[in-house]
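Colleague: Could you walk me through this model? I would like to hear about its charged pairs, its core and a serine or two.

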Amino acid sequence: MNNAAFKKDMKNIIDYSVGFLEGVQAGKVKFLNNVGVLTKELLEQYIDSNARVNPEALHHIYEWYKVGSPDARLYDINYTISNLGLSFVSTLKQSTSIKDGSSVPFYNKAKIMEEGTPVTIRPRKSNVLVFEDGGETVFTRGEVVVQSPGGPATKGAFENVVNTFFTRYFTQAFLKSSGIYEYFNNPVVYKRNLKSGKTSGKVKGYQVGYRWIANAGIR
């Protein structure tokens, strides 16, 4: 047995393993970005689908009369990548459309209805406030307080549908059906490249590790 050759092979295998782990760490950012892009798209589609099924609860996060339309969203979904992993944040946007019977957009429409904040309506250009209630035209000189401007179902509805996506759909369905669980539990690429790693050492390990994590397949 050639001890010198054996020691060299063992050193290269160890270096290959170290390189593989370092490559995985370096490729993690690319992988997380890929997951972030896909998850954002799926979450938006999930919200839109729920809005079309349950417009009473989610109409407030869209422009008037366009519930569930991707072009009328009053919300943004963004993600950030850090040492802690992947984080998502949602924000609500201003509405620019005008409801029938009004002359200006409803300021902070999505936020006010999501939080269930009461709205006080006062006459602006005259001493009389005119509005419709239950199909009847109402005239009043006093202010009107609307306790639930979006209806009782809108309060917290956007937050709830986002939470449901991550706690149920994402963890129970998406991660498994996407193939990510299976892919990470079976890193065959490490073993497949071990022979070349025995001669190339750390450089080969780094390349294999980076490609393995960065190209983690999502079906």
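Colleague: Happy to start with charges: how many salt bridges does the structure hold?

Modeller: A quick note beforehand: this is a predicted model, with local features needing pLDDT of at least 70, side-chain atom pairs counting only at pLDDT 80 or more, and totals for chains, interfaces and linings using all residues. Residues are numbered from 1 along each chain as its sequence is written, and side-chain values use heavy atoms, with hydrogens and water left out. A salt bridge is a side-chain nitrogen of Lys or Arg within 4 Å of a carboxyl oxygen of Asp or Glu. By that definition, the number of salt bridges in the structure is 7.

Colleague: Thanks! Which residues are joined into one network by salt bridges that share partners?

Modeller: Arg73 pairs with Glu44 at 3.3 Å, N to O, and also with Asp48, where the closest N and O atoms are 2.5 Å apart. Arg73 lies in the loop between α2 and β1 and Asp48 in helix α1, so this pair ties together parts 25 residues apart in sequence; helices are DSSP runs of H or I with at least four residues, strands runs of E with at least two, numbered from the N terminus. Asp48 has a relative accessible area of 2%, so Asp48 is buried (buried is under 20%, exposed over 50%, partly exposed in between, with a 1.4 Å probe and protein chains only). Shared partners give one network of Lys40, Glu44, Asp48 and Arg73.

Colleague: Now the largest nonpolar core: which element gives the largest share?

Modeller: A nonpolar core is a set of buried Ala, Val, Leu, Ile, Met, Phe, Trp, Tyr and Cys residues joined through side-chain atoms within 4.5 Å. The largest one has 16 residues, and Phe158 is among those with the most contacts inside it. Two or more residues come from each of α1, α2, β1 and α4. The largest share, 6 residues, is from α4.

Colleague: Is Ser95 buried or exposed?

Modeller: Ser95 sits in the loop between β2 and α3. Its side chain makes a polar contact with that of Glu63 at 2.6 Å (a pair of N or O atoms within 3.5 Å; within protein, one must be able to donate a hydrogen and the other to accept it, and residues adjacent in sequence count only if both atoms are side-chain atoms). Because its relative accessibility is 6%, Ser95 counts as buried.

Colleague: And Ser103, buried or exposed?

Modeller: Ser103 lies in the loop between β2 and α3. With a relative accessibility of 62%, Ser103 counts as exposed.
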